[in-house]
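I open this notebook to record what I looked up, entry by entry. The structure comes before the notes.

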Amino acid sequence: MADIITTPHISGHADHHDVDYLHDGKGLKSWLTTVDHKRIGVMYLWSILFMFFLGGVFAMMIRLELLTPKETIMSAETYNKVFTLHGAIMVFLFIIPSVPAALANFVLPLMLGAKDVAFPKLNLFSWYIYMAGAFIAVAAMVTGGVDTGWTFYTPYSTTTDGSVALMTFAAFVLGFSSILTGVNFVATIHKLRAPGMGWFDMPLFCWGIYATALIQVLATPVLAITLLLLIMERTFGIGIFDPKLGGDPVLFQHFFWFYSHPAVYIMILPGMAIISEIIPTFSQKTIFGYRAIAFSSVAIALVSFIVWGHHMFTSGQSQLASAIFSFITFFVAVPSAIKTFNWIVTMYKGSVAFNAPMLYALSFLLLFGIGGLTGIFLGAVSVDIHLHDTYFVVAHFHYVMMGSTVIAFLGGLHYWWPKMFGRMYSEPAARVACALVFIGFNATFLPQFVLGSRGMPRRYYNYLPEFQALHQASTVGSWILGLGFLIMAGYLFASLRKKMDAPANPWHSRTLEWQTSSPPITHNFHEIPAVGGGPYDYYRPVGNGRNA
Amino acid sequence: MSNTTHDVAEHRFRQHHFATAEQQLDTSKIGMWLFLATEILMFGGLFVGFGLMQGVYPEAWVAGHHHLDRVLGAVNTVFLLCSSFTMVMAVHYASTDQKSKTVMNLGLTLGFAFAFLVIKYFEYSHKFHDGLLPGRYFNLAAVGGPPQIGIILISWIMVRANRGDFSSAYYTPVDLIGLYWHLVDLIWIYLFPLLYLVS
C-alpha cells in the first residue's frame, strides 16, 4: 500500500499543478473536451439550473392560469401541455440529475480524496447524452408538445396527438445519462477511496450518493424498456399496452412505477445526503448515529423497489396486493425517521450557526416532516381512495420533491458554492432569499392540502367557485417563491463577478473537500490525503487535524 | 514475464487517477458488471411483458412458435455457446501473453457470431414477409442489437490484440468485452426456450 500514498506532485512543475481547475485551460473547447469531474459538475450545474428556470416558468404559468376558474391566460389545451412540460422538465431534466450529476460530481471525488471519478470519459459522455436528451425534449415541445402528464399513461399516450414519441424518447435518452452517472459513482466509491478510508470513514454524503447510484443503475433500465415499448406501441401498434389492440394498460403502470417510485428516492436520498453534511458542519458537532444514517440510506434504496403498487390502489389491482404495498410503504417511514431524529439530536448542545446552508437544512427538516408524514396518509389504502388524484397528492409530492430535495439542493449549492467558484456570496441576501423561498413555498402548497382534502382534482383546468380563495393564496405564494429565486440568482451571479475571496474551509468543516484550496487545483490535492480519523471529528482542531 | 514490459504497459495504459494497474482493472470490472446488470434489467422488462402476454393469449403464443424452426434455433444456440468458449480462451491467452492465440480465438468468436447472425437474417426476412414483425410476439427478438454491438467490439479488440496492445499487465478491454459477449449468450439461452420451445 505504501506506493499508493506517494504522489505524482513534482515540485519543479509547480505552476501547472497549482493552477485551479477553473483556470487550467481557457475557452469553450477546453470545457467541452474536459474530463475533469469538477468541470463536468459545473457544466451539469449550469445545464440543470437552466432547466430549473424553464420548468419554473411553466410552474408560474400554471399558477397564474389557476388564479381564476375557466380561462385566465391560456386555453385548456395549452394548459395540459404546460403542466406536462413542467412535470417532465422538473423530473427528468432537473431533479434527477440535480444533486448526483451536478453537486456530487463535483464533491464526491474530493470527499473520497480521489483525483477523479472512476471513468472520467464516461462522465463527460453522460453530460453529452444529457444535452442530447434535453435537445430532443425541446424539439418535442416545439413540434406539437405533449399533453399526457409526465407519467405518459397508456392508452391516452398511445392515442393522443402531439410529440409523445419524441418526448418519451428524450426521457429514454436521459435515462442512460443517469445510468452512466450511477455506474461511475458506484465504481468510484468502491475503488477510489483514499488510502486508509474505510466504508465507515466516508462522509455520509457518499453513503447517500451510493444508495442513489444503486437505484439509478437498477431501476432506470426498466423505465428505458418501458418507454421503448411505448414508442413501439405508438408507431407500430404492437399491442402490448393499448386495450384496443389487446394490450394491458395496467402493465404500463406497473412498469412505469417500478422505475418511477425508486426514482422518487433517486430524488430524495441525495437531498438527505446533503443534510447529513450541513447539520454537523454548522453544529460543529460529530454526527449522531453515523451507522444508523448510513444503513438507513441503503435500506431506503432497497425498500424503494417493492412499494410501487401504492401508486395503483385505484387501478384495479388485487386488494391483497394493495394491502401488502401499503404495509411496505409504511415501512419506508422507519429509515426516514431514523435519519430525521439523528439530525435533530446532532444539533443538541452543538454550537449552531445560522448561515444560509443551515437555514435550508432546518427548512428541510420541517418540510420533509410534512412531506413524509402526508405520504403515510396516502400510503393507507382507504385514505388514498379518497385522496387519489387530488391536490392533496400534488401538495404531498411537492413537499418531498421541492420542499425537501430542492431545498436540500439549494442548501448544498450555498454550502459548496465557495468551494466550486472560490467566492463568497452575500450572506444577508442569502438569508433573505431563503426566508422568501420558505414562506413562498408554504404559501403555495399548504393551501393545496386543503384543496385536495375538499375534493379539488389534480390536473384540472377549471374549478368550482368555492375553491378560488385557496387557489389564489397558492398563486400569490408562487410569486413570493419566484421573488426568492430572483434574489438568489442576483447575489449568486454578483458573487461570480468578484475577485476570488473564499478561504479553503469557510465553514470549518472536517471533510476532505475542504482540505484543499477553493477552488481546488485540477488534480484536487497536492498530495493524496492519508486518512486518520472520521469525517465528523469536530472534537479535533480544524485544519490539518485529519490529515496529519 | 519481465518486469520492464510490465512497467511499460502500466505506464502506457494506466490512467492518472488510479494508483495501480490492478486498481484500474478492478474498477473497470465493477463498471462492466453494473452495466451488464442494467442490460439484464432492460431485458427483464421485456421478459415480464412477454410472460404476461403469454398468459393472456396462450393460443397466439403457440401459433407464434410454429413460425420458428427449432432446428435453426438449436444450431444458433450451439454457435453462441461455442463463441462464448472461444471468447473465454481469448481472455485466457491475452492474460498469459500469448498474442497469436488471442487473435485466433477472437477470430473464431467473430466467425460463430456471424454464423449466428446469418441464420437470424433468414429467420427475420421470413417473418417480415409473413407480416409478423414488428408485433407483440416477436418484439423480444426485435431488440436484437447486442450481437451486432458485440461484433463491433470484438473486431476492435482483435485489431488491438494484433497490434500487441495487450499483455498480462493490461488486458482489461478483452476481459470486459468477454463479459459482455457472455451476456449476449446468456440472454439467448433464455430466449431460446421462451420463443422456440413453448408448446
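**Entry 1. Terms and model.** I set down one cut-off before starting: buried means under 20% relative accessible area, exposed means over 50%, and partly exposed lies in between. The model I am reading is predicted.

**Entry 2. The contact between the chains.** I looked up how chain A and chain B meet. Between them they bury about 2800 Å², and 77% of that is on carbon and sulfur atoms. On the side of chain A, Lys191(A), Ile225(A) and Ile238(A) lose the most area to chain B, together 19% of what that side buries. I noted 35 residues from chain A and 27 residues from chain B in the contact.

I then turned to the polar side of the interface. Across the interface, 6 residue pairs are in polar contact, both residues at pLDDT 80 or more. Helices H1 (2-5), H8 (164-191), H9 (204-236) and H10 (249-283) of chain A each supply at least two residues of the side that touches chain B. The largest share of that side, 9 residues, comes from H9(A).

**Entry 3. The salt bridge between the chains.** How many salt bridges are there between chain A and chain B? I found a count of 1 salt bridge. Lys191(A) forms a salt bridge with Asp26(B), and the closest N and O atoms are 3.4 Å apart. The structure holds 9 salt bridges over all chains. The pair that crosses between chains runs from Lys191(A) in helix H8 of chain A to Asp26(B) in helix H2 (residues 21-56) of chain B.

Are these two side chains buried, partly exposed or exposed? Lys191(A) counts as partly exposed because its relative accessibility is 25%. Asp26(B) counts as partly exposed because its relative accessibility is 29%.

**Entry 4. Salt bridges within a chain.** In chain A, I looked at Asp501(A) and Lys498(A), whose side chains meet in a salt bridge at 3.0 Å, N to O. Asp501(A) is partly exposed, with a relative accessible area of 39%. Lys498(A) is also partly exposed, with a relative accessible area of 34%.

In chain B, I looked at Lys29(B), which forms a salt bridge with Asp175(B), the closest N and O atoms being 3.2 Å apart. This pair links distant parts of the chain: Lys29(B) is in helix H2 of chain B and Asp175(B) is in helix H8 (residues 172-196) of chain B, 146 residues apart. Lys29(B) is partly exposed at a relative accessible area of 29%, whereas Asp175(B) is buried at 10%. I also recorded a network: salt bridges that share partners join Asp389(A), Arg458(A) and Arg459(A).

**Entry 5. A charge without a partner.** I located Asp20(A) in the loop between helix H2 (14-18) and helix H3 (27-32) of chain A. Which side chain of opposite charge is nearest to Asp20(A)? The nearest is Arg39(A), 7.0 Å away; Asp20(A) is buried yet has no salt bridge. A polar atom of the Asp20(A) side chain does lie 2.8 Å from the backbone nitrogen of Leu22(A). Leaving aside residues up to four places away in sequence, Asp20(A) touches Met500(A), Pro519(A), Pro520(A), Ile521(A) and Thr522(A).

**Entry 6. Helix H6 of chain A.** I checked the span of helix H6 (residues 120-142) of chain A. Its 23 residues reach 34 Å from the first C-alpha to the last, close to the 33 Å expected at 1.5 Å a residue. Gly144(A) follows H6(A) and has a positive phi, near 120°.

Note on methods: Residues numbered from 1 in each chain as written. Chains lettered and ligands numbered in written order. Predicted model: local features only at pLDDT ≥ 70, side-chain atom pairs only at ≥ 80, totals over all residues. Heavy atoms only, no water. Helix = DSSP H or I, 4+ residues; strand = E, 2+ residues; numbered from the N terminus. Expected span 1.5 Å × (residues − 1). Buried < 20%, exposed > 50% of the residue type's maximum accessible area, 1.4 Å probe, protein only. Lys, Arg positive; Asp, Glu negative; His and termini not counted. Salt bridge = Lys/Arg side-chain N within 4 Å of Asp/Glu carboxyl O. Polar contact = N/O pair within 3.5 Å; in protein donor to acceptor, adjacent residues only side chain to side chain. Contact = heavy atoms within 4.5 Å. Buried area = accessible area lost by both parts, 1.4 Å probe.
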